[in-house]
Amino acid sequence: LDTAPEQELTDGFHLVIDALKLNGIETIYGVPGIPITDLGRMAQEEGIRVISFRHEQNAGNAAAIAGFLTKKPGVCLTVSAPGFLNGLTALANATTNCFPMILISGSSEREIVDLQQGDYEEMDQLAIAKPLCKAAFRVLHAADIGIGVARAIRAAVSGRPGGVYLDLPAKLFSQAMDAEAGAKSLVKVIDPAPAQLPSPAAVDRAIELLKGARKPLVILGKGAAYAQADEEIRAFVENSGIPFLPMSMAKGLLPDTHPQSAGAARSTALKDADVVLLVGARLNWLLSHGKGKTWGDAPKKFIQADIEPREMDSNVEIAAPLVGDIGSVIAALNARIDGSWQAPPAEWVETIRSKKEANIAKMAPKLLKNSVPMDFHSALGALKNVIKERPDAILVNEGANTLDLARGIIDMHQPRKRLDVGTWGVMGIGMGFAVGAAVETGKPVLAVEGDSAFGFSGMEVETICRYGLPVTIVIFNNNGIYRGTDTDPTGRDPGTTVFVPGARYDKMMEAFGGVGVHVTSPDELYRAVSAAMDSGKPTLINAVIDPAAGSESGNIGSLNPQSVVKKK
Ligand code: ADP
Ligand code: MG
């Protein structure tokens, strides 16, 4: 009886790691602490790359952008209650942007939480996460970890991608079970994001509309960028001859310098088009909900390619819904661009082209000024050249004026190279996205940040230095939010939208062993950024911008409510 062979054991820690590895998860972004400190250590020991941040929101943003770039769910690991809540902003943002991400959070003991007996970091995390993500699961038994991870992965990437919450109570990690049974309990997710073909009738309907169009327009959204159907999309645009307009994170899917790009003629294109094909772009606020002044008075018909059937008719009638994954939808359209296809009327193509050239010519001199202090245009003129010379670099961009103007001025040349504030227009994605992009792609990253936007994730410069990531941060430092000129009418405090004048963000980078540079002219900026990107060393460039430059709320001032009551 005493000769029974010693049973081999596994436990919750190891099963979580094995389940992630089995499904090709190579990186975890997180912040360590109770109860997941050892999970991170063990994951690192088992060969998973573990990137530890200073704040969970940034780790979550890194995971989310990893999901966007790779089509695999990015994983963020947080501690219970406050750490979980910090990660939740990123989870909600990922869901809003349709980025696949899994927030795995440790949590406190169910028995105590449910009786509200006041556990360490007590919180009903599953209930709180649910409305903010696509799906939320909790695992209570080690034997269910395999299924729990599989469900999380499939939920994140299938259909419309999004954020998933996976709740792992502290007790789960040390639960032991037979190692062989444990190995058998793991699930490798087969075909997690299956192709979804559009129906032939839907394709007929769309082709019919396109063929009858006098002023057709294709709008490419970040869903199209996510789909990684780059060749199909390029072939469709070029073979159809239809002008295209990229949404900001779809820039570079076809180069912004492409002759069919309507980027610099956006207003004309939206106003005058008669048939609009949306490819992975929603008719939300970023497209004025498909109606109103932006879209002009002429009648318009929409064709929408999207994986989410319920997206159709969300704002206006969709005359030809194309429900399916973008690769399959565009392939089906391409099969119909044959001998009978006629390019759009030359008059329409010419209208767009001439409008675009006029706008580009109007902008050009503003980009060439070598002025001190710099304004947004002259500084961005320098950065436009940096990206032109390094088309495979990744541009991260946030701010108000810094965002709006960079989006228009900096041409993108390759797909999925522009990462920005996305659907919510949210500040705080900067350093998380920069880290995620550098880790996932190994490419140089240029983060162009408003001084205010940078503040939301600025502490992660330590993370960037610690991991030695090839990230160059440029802070457009105009001493404030929108502008650096506000004052307190009572004279007591600084104005509500200003920061310490003349702040030296470059010194922050030096504090952690990175390179800090202070520049005041476009020439200096160009040279500093070029050198930083060539060196691959973590660098922060403090670019002094005229505090009076910039407009309130950037391009979206109309969204900012105004008081009608004047104080007497
Ligand atoms: P943008 O802000 O660039 O206009 P949105 O985020 O509004 O883009 O829209 C992206 C759309 O793409 C979403 O409606 C989403 O359902 C869709 N989508 C994401 N991935 C795919 C895919 N692989 N195939 C089809 N549609 C997709
Ligand atoms: Mg500013």
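**View 1. Helices H1 and H7 pass each other in a right-handed crossing.** The model shown in this and the following views is predicted. Helix H1 comprises residues 12–22 and helix H7 comprises residues 145–157. Their axes come within 9 Å and cross at roughly 40 degrees, which makes H1 oblique to H7. On the side of H1, the meeting residues are Gly12, Leu15, Val16, Ala19 and Leu20; on the side of H7, they are Ile145, Gly146 and Val149. Sorted by class, this contact contains six nonpolar and two polar residues, and no charged residues.

**View 2. Helices H3 and H4 also form a crossing, and this one is right-handed.** Helix H3 spans residues 56–70, and helix H4 spans residues 82–97. The two axes come within 7 Å and cross at roughly 30 degrees. Angles under 35 degrees count as roughly parallel, and H3 and H4 are therefore roughly parallel to each other. From H3, the contact draws on Glu56, Gln57, Ala59, Gly60, Asn61, Ala64 and Gly67. From H4, the contact draws on Gly83, Asn86, Gly87, Thr89, Ala90, Leu91, Asn93 and Ala94. By class, the contact of H3 with H4 has five nonpolar, nine polar and one charged residues.

**View 3. Five strands build an open sheet with parallel pairing.** The order of the strands across the sheet is S10-S9-S11-S12-S13. Strand S10 (244–246) and strand S13 (320–323) occupy the edges; each has a single partner strand, so one side of each is left without a neighbour in the sheet. From one strand to the next, the twist averages 15 degrees. Within the sheet, strand S9 (residues 216–220) pairs with strand S11 (residues 275–279) in the parallel sense, over five bridges. In this pairing, Leu220 stands opposite Val279 in S11.

**View 4. Ligand 1 is surrounded by a shell of 24 residues.** Those that come nearest to ligand 1 are Gly221, Gly223, Met247, Ala281 and Arg282. Among the contributing elements, helix H11 (residues 222–226) gives the most to the shell, with three residues. The residues of the shell divide into eleven nonpolar, six polar and seven charged.

**View 5. Six strands form an open sheet with parallel pairing.** Across this sheet the strands follow the order S15-S14-S16-S17-S19-S18. The edges are taken by strand S15 (418–420) and strand S18 (515–519); each of these has a single partner strand, so one side of each is left without a neighbour in the sheet. Neighbouring strands of this sheet are turned against each other by 15 degrees on average, direction ignored.

**View 6. Strand S18 pairs with strand S19, and helix H18 packs on the sheet.** S18 and S19 (residues 539–544) are joined in the parallel sense over five bridges. Val515 stands opposite Thr539 in S19. Helix H18 (residues 430–441) touches strand S14 (394–398), S15, strand S16 (445–450) and strand S17 (471–477). The direction of H18 makes about 170 degrees with that of S14.

Key: Residues numbered from 1 in each chain as written. Chains lettered and ligands numbered in written order. Predicted model: local features only at pLDDT ≥ 70, side-chain atom pairs only at ≥ 80, totals over all residues. Near = placed C-beta within 6 Å. Helix = DSSP H or I, 4+ residues; strand = E, 2+ residues; numbered from the N terminus. Nonpolar A, V, L, I, M, F, W, Y, C, P; charged D, E, K, R; others polar. Pairing = 2+ DSSP bridges. Axes fitted to C-alpha atoms, helices over the stretch in contact; angles between N-to-C directions. Parallel < 35°, antiparallel > 145°, perpendicular 65-115°, else oblique. Left-handed = near helix turned anticlockwise from the far one by under 90°. Contact = placed C-beta atoms within 7 Å.
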